[in-house]
Amino acid sequence: MLVDFKVKNFRSIKEEQLLSMVASSQKEFIDTHTFLPTTSKNLSLVKTAAIYGANAAGKSNILKALDAMQDIVLESASKYQRGDRIPIKPFLFDNEVNEPTEFEINFIYEGIRYQYGFATTSVRITEEWLIVYPKTRPQNWFARAYDEETKEYKWQFGDKLTGQKQVWKDSTRSNALFLSTAVSLNSEQLKPVFDWFADKLKITGVSGWNPLFTMRMCADNSYKKEILKFLKTADMDIEDIQVEKEDFDASKLPEDMPVEIREDIIKEMKGKEVIKEAKFYHLDNYGKKVALDFDDESDGTRKLFSFIGPWIDSLENGNVLLIDELHDNFHPLMVKFLIEMFHNKDMNKSDAQLIFTTHETSVLNQDTFRRDQIWFCEKQKRATKLYPLTDFSPRKGVEDLEKGYLSGRYGALPFFKDISIINITYFIAIILISRKFI
């Protein structure tokens, strides 16, 4: 479960921005919209957070920052080679382009709170640290910082971190994380931190997930029942789903695929089955089943189906789900339905969390969210600023949040120039171009 996330100097983000899932002292929806982690009776977290803002304000970059952090954790030790550049993009409109990008995250996993972060350029990891809270008092497990003068790292290890620390240290490349390296060399203590990024943090973009995850779940009858129930609750007229599998055949891989990638896929898929096809059955006007291929379904149905697998998996296993533009291809009532699944105590028994960006203002109200679950994103001097609705102290249960947002009370709205000015500029440009060629 996510406590908070900080990012600095990444894409449109210049100064440090904080996204916090810590619940305020507000009393509304305590039983449904918040939960108490087992680690503390004082730290209450919210189950969902919505981020609003104009196009190009940078709200997607908040999610991309978490995605970038996750990728570096999962791949820096296993996939990067010595000399490979670290795939980060700093803020480009100021001197910070030469400064490191910084990420820090607080999360709780298996009853322990972790505070982990690192700073990096495209060339090297410049800082890295991990603080662990097995109870209430913090324990500094490790830290490293690159010294520009000596061109070496300075290291610190806490007594609570055990294992072959010197071996892990000597094996850590400048473009790899110590965390990832130590886990690859069998550090049992650090494995939960890595596993949280690998197993609990689920991120998707505008296009949503690949449908294959949900299709594979449909091959299990118990999961298929849940998926069909989900579809019918969402008013999708799908009566049945039949999935056909086949053994993985390496000969069907593209011939122009790079050799290394091809070998990795063959190694990973050896002895496994893949989805051959999936049929979706509807009833016609006479009660007869009609089969459709996945590509014949509507955009909304395809996206919802692709979401269902990760959605059910997250609710069941307590994942942190991040979705960019949740409203895309969905009816406003569908958006509300998806959000309320996370607020439903019977469906969300594992305290899963949902964080999403959206333009859908019909759910921007105090019947759907607590006031501490709503965030806004806007550009200030070309840089993204993220801030919570609570900064404006909206009146409990009274203030119309949608109206307030659209009227500009909370900022984060697009600014449109006078269309007449645009037309005049257009015609002047046409005249000048015409004269050039006359």
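Which residues of α2 are buried? They are K59, S60, N61, I62, L63, A65, L66, A68, M69, Q70, I72 and V73. This comes from a predicted model.

**Helix α2**

Helix α2 is mostly covered, with 12 of its 17 residues buried. From its first C-alpha to its last, α2 reaches 25 Å. That is close to the 24 Å expected at 1.5 Å a residue. An α-helix has 3.6 residues a turn, so residues three or four places apart point the same way.

**The cores**

In soluble globular proteins, nonpolar side chains tend to be buried together. Here the largest nonpolar core has 56 residues. F103, Y116, L190 and F197 have the most contacts inside it. Helix α2 (residues 59-75) gives this core its largest share, 8 residues.

Take Y116 as an example. Leaving aside residues up to four places away in sequence, Y116 touches M69 and V73, among others. Its other partners include F103, W129, L130, F142 and F197. M69 and V73 also appear among the buried residues of α2.

A second, separate core has 49 residues. L228, W311, M341 and F376 are among them.

**The sheet**

Now to the strands. Strands of a sheet pair through backbone hydrogen bonds, either parallel or antiparallel. One open sheet has 6 strands, in the order β11-β15-β16-β5-β17-β18, and its pairing is mixed. Why is one side of β11 and of β18 left without a neighbour in the sheet? Both stand at the edges, and each has a single partner strand. From one strand to the next, the twist averages 15°.

Look at one pair inside the sheet. Strands β15 (residues 320-323) and β16 (residues 353-357) run in the parallel sense and pair over 4 bridges. In this pair, V320 stands opposite Q353 of β16.

Two helices pack on the sheet, as the table shows.

| Helix | Strands touched | Angle between directions |
|---|---|---|
| α5 (residues 191-200) | β11 and β15 | about 40° with β11 |
| α9 (residues 299-317) | β11, β15 and β16 | about 150° with β15 |

**Two cysteines**

How many disulfides does the structure hold? The count is 0. Are C218 and C377 buried or exposed? C218 counts as buried because its relative accessibility is 3%, under the 20% cut-off. C377 is buried too, with a relative accessible area of 0%.

Definitions and conventions. Residues numbered from 1 in each chain as written. Predicted model: local features only at pLDDT ≥ 70, side-chain atom pairs only at ≥ 80, totals over all residues. Heavy atoms only, no water. Disulfide = S-S within 2.5 Å. Buried < 20%, exposed > 50% of the residue type's maximum accessible area, 1.4 Å probe, protein only. Pairing = 2+ DSSP bridges. Helix = DSSP H or I, 4+ residues; strand = E, 2+ residues; numbered from the N terminus. Axes fitted to C-alpha atoms, helices over the stretch in contact; angles between N-to-C directions. Contact = heavy atoms within 4.5 Å. Core = buried A, V, L, I, M, F, W, Y, C linked by side-chain atoms within 4.5 Å. Expected span 1.5 Å × (residues − 1).
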